[in-house]
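Open the model in your viewer and keep the sequence panel beside it. The stops below are given in the order in which to select them.

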Amino acid sequence: MRNPDDTNFFPHDEFLAVSWNLHKGRTPLGLQAFNEMRDWIRTVGADAYFLQEAMARRLPLASSSSRFGEAMSGIPPDLWDCQATEIATSLRLQLALGQNVFKPSWRHGNAILSPHPLDLGGRWDISAHRFERRGLLVARVNFQGVDVHLLCAHLALTRAARLRQMTWIAHWIERDAPKGPLVLAGDFNDWKNDSVPLFGALGMSEVATALGRPGRTFPAFSPTLALDKMFVRGFTPVDWLEPDRRTAWLSDHLPYMARLKLA
């Protein structure tokens, strides 16, 4: 397998996408790894990063969440200064943020980063219950003159909740993004692969599945479960890249990395 860090190897007309659960900025052993995660992302040179559990350093004010499936109210930027904000500022990347957990003591959420022009499409609370906050973050990126929808999701631990969330996302895609290139990625916690036929019915392909690759990313030290997913429409999956093994020391999930080509 070629080294994914050698970004100059990839043709310029290919789209490199990375999805990674940052585990609130901590290693599997609970040590802080903010800087090491940023340094690894710096080496990748992807066209889009889909990050989950991007953790904040500072303590914010409490904020209430909206009901299931409703748009979430915005958080003042000075209160939402998190790991993804620091990465985007350091690497000069465009940034879209979607808070999931926002408490007086700690907060984290989803983020989409890209070196290309990026517009926020919206944030939605898709929490199945108050004990497990989850969200969908949507952005649009312009790649080679084409607008691409980017969706970053972090789904529930229980199957019933995941199915409800996946069905809601599928309905959102049918209603608000029925055409054009689209990438949906994130931590689906979907070891049963319920998402593959569900989104396949919308004409979307799961990259690792389409390429016949295992796509295992969890647990990072010895990946046996394919919890992270990446679904595409309007793209042809080219390659699922074996994660850099040094990332096993940075989070409890390995990054999900895929090369895509506009169809």
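Start with aspartate 252, in the loop between E11 and strand E12 (256-262). The model is predicted. Is aspartate 252 buried or exposed? Its relative accessibility is 18%, so aspartate 252 counts as buried, the cut-off being under 20%. Show side chains here: that of aspartate 252 makes a polar contact with the side chain of serine 251, at 3.4 Å. Next, display what surrounds the residue. Leaving out residues up to four places away in sequence, aspartate 252 touches Asn21, His23, Pro28, Thr217, Phe218, Pro219 and Ala220.

Now select leucine 29, which sits in the loop between E1 and helix H1 (34-44). Leucine 29 counts as exposed, at 65% relative accessibility. Add Leu31, Phe221 and Trp249 to the selection: with Leu29 they form a nonpolar surface patch whose accessible area is about 490 Å² together.

Move to serine 222, in the loop between helix H5 (207-210) and strand E10 (228-233). Serine 222 is partly exposed, and its relative accessible area is 45%. Draw a distance from its C-alpha to that of leucine 254: the two residues are 32 apart in sequence and 9.7 Å apart in space.

For the aromatic stop, select phenylalanine 15. The model has 10 aromatic pairs. In one of them, phenylalanine 15 and phenylalanine 143 are edge-to-face, with 5.0 Å centre to centre and 85 degrees between the planes. That pair links distant parts of the chain, 128 residues apart: phenylalanine 15 is in strand E1 (residues 14-21) and phenylalanine 143 in strand E6 (residues 135-143). Phenylalanine 15 is buried at a relative accessible area of 1%, and phenylalanine 143 is buried at 3%.

Which way do the rings of phenylalanine 15 and phenylalanine 235 lie? Their centres are 5.3 Å apart and their planes are at 45 degrees, so this pair is tilted. Phenylalanine 235 belongs to strand E11 (residues 235-241) and phenylalanine 15 to strand E1, so the pair ties together parts 220 residues apart in sequence. Phenylalanine 15 and phenylalanine 235 are both buried. Select Phe15, Phe143 and Phe235 together to see the cluster that the ring pairs make.

Then pick out helix H2 (residues 83-91), where Gln83, Ala84, Thr85, Ile87, Ala88 and Leu91 are buried. Arginine 92 follows H2 and has a positive phi, near 60 degrees.

The last stops are charged pairs. Side chains of opposite charge can pair when their charged atoms come close. The structure holds 8 salt bridges. Among them is the one between aspartate 176 and arginine 175, with the closest N and O atoms 2.7 Å apart. Aspartate 176 is partly exposed at 37%, while arginine 175 is exposed at 54%.

Select glutamate 242 and arginine 213 next; their side chains meet in a salt bridge of 2.7 Å, N to O. Glutamate 242 is in the loop between E11 and E12 and arginine 213 in the loop between H5 and E10, so the pair ties together parts 29 residues apart in sequence. Arginine 213 counts as partly exposed at 23% relative accessibility. Extend the selection to Glu14, Asp239 and Arg259, which are linked with Arg213 and Glu242 in a network of salt bridges.

Finish at arginine 246 and aspartate 244, whose side chains form a salt bridge at 2.4 Å, N to O. Here arginine 246 is partly exposed at 42%, whereas aspartate 244 is buried at 17%.

Conventions:
Residues numbered from 1 in each chain as written. Predicted model: local features only at pLDDT ≥ 70, side-chain atom pairs only at ≥ 80, totals over all residues. Heavy atoms only, no water. Phe/Tyr/Trp six-rings, centres within 6.5 Å; stacked < 30°, edge-to-face > 60°. Helix = DSSP H or I, 4+ residues; strand = E, 2+ residues; numbered from the N terminus. Buried < 20%, exposed > 50% of the residue type's maximum accessible area, 1.4 Å probe, protein only. Polar contact = N/O pair within 3.5 Å; in protein donor to acceptor, adjacent residues only side chain to side chain. Contact = heavy atoms within 4.5 Å. Patch = residues over 30% accessible without salt bridge, like charges linked within 9 Å, V, L, I, M, F, W, Y side chains within 5 Å. Areas by Shrake-Rupley, 256 points an atom, 1.4 Å probe, with all protein chains shown as cover. Salt bridge = Lys/Arg side-chain N within 4 Å of Asp/Glu carboxyl O.
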